[in-house]
Amino acid sequence: MITFTCQRHSQAQAVFYLSFLHLRHYFGEVKVSLSLTDRNNNKKQRLNVKARMRLVGLTGGIASGKSTVSNLFKSQGVPVVDADLVARDVLKKDSGGYKKVVAAFGEDILQDNGEVDRAKLGQIVFSDPGKRQLLNRLMAPFISSGIFLEILKQWLKGQKVIILDIPLLFEAKMDSWTKPIIVVWVDTETQLQRLLARDKTNEEDARNRINAQMALDIKRSKADIIINNTGSLEELEEQFQKVLAQVMRPLTWTEFWLSRQGAITALIFTIMAVVVGRNVFRR
């Protein structure tokens, strides 16, 4: 056990984060007792640094039930970063993403109030693979930044498990961020019928939207955990309870270094290494 005392600092969390990016792969199991003091050296709080963080990937396909699973996690108090909500923010009027998309697709995609008509834009890109790739290319940097910011907010709160709800988890190469990866799967016919019932659209448009995404069978082959949602809501909830137990299991020490507390530990060892190194070289 290593004991270390430091002063509380408003920017400390940002420094901790930068430190752990470089050092999280180099340490084994460490327990640290951290005492926080005020400027008058009066002890205010004592922390035992043991908590860790896990990023869980959640994906599926259109009308597969992924959003239902996402809401089940939220109902259990597990924080969820929703890529669709981030994407909506990216397309808000006068934002960087908005300007890029309007410049590429023209003002015909705008509503009377100047906001992007997401339904109209969707019809354009789902029927044209080239335009879909263009939209993804334009949006990707803004969405990735937005997701990272949301993760950082949860990290600063000390959350141990965060669900990343990302429809294009594999397509956007974000699967390398997450472990485990949960795929909500249904067979193609069930997916089609649910989409027709939900969106009241025609079959051609529904098939275009399904075919525009990576096949669920391919996603299933890449998953660590598969939720089969071809049955009833009750059956889905029963599977979810088992998945929740897996996701909330005790965390590994590798995941520890992804936590705010792990970053504190990394910073402590950095400071100690610098101090010891200076003393050695002075001799």
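1. Contact here means heavy atoms within 4.5 Å. The structure under discussion is a predicted model. On that criterion, and leaving aside residues up to four places away in sequence, M139 touches A87, V90, L91 and V101.

2. M139 also belongs to the largest nonpolar core, which has 32 residues. It is listed with V101, F105, L121 and I147 as the residues that have the most contacts inside this core.

3. Several elements supply two or more residues to the core: the helices α3 (83–90), α4 (96–105), α5 (118–126) and α6 (129–156), together with the strands β6 (161–165) and β7 (181–185). The largest share, seven residues, is that of α6.

4. Another core lies apart from this one and comprises 18 residues. I227, V243, L244 and V247 are among them.

5. The packing of α3 against α6 deserves a separate entry. Their axes are 9 Å apart and meet at an angle of about 120 degrees. Angles of 65 to 115 degrees count as roughly perpendicular and those over 145 as roughly antiparallel; α3 and α6 are therefore oblique to each other. The crossing of α3 past α6 is right-handed.

6. On the α3 side, the contact is made by A83, V86, A87 and V90. On the α6 side, M139, F142, I143, G146, I147 and E150 take part. Sorted by class, the contact of α3 with α6 contains eight nonpolar residues, one polar residue and one charged residue. The polar residue is G146 and the charged residue is E150.

Terms used
Residues numbered from 1 in each chain as written. Predicted model: local features only at pLDDT ≥ 70, side-chain atom pairs only at ≥ 80, totals over all residues. Heavy atoms only, no water. Core = buried A, V, L, I, M, F, W, Y, C linked by side-chain atoms within 4.5 Å. Buried < 20%, exposed > 50% of the residue type's maximum accessible area, 1.4 Å probe, protein only. Helix = DSSP H or I, 4+ residues; strand = E, 2+ residues; numbered from the N terminus. Axes fitted to C-alpha atoms, helices over the stretch in contact; angles between N-to-C directions. Parallel < 35°, antiparallel > 145°, perpendicular 65-115°, else oblique. Left-handed = near helix turned anticlockwise from the far one by under 90°.
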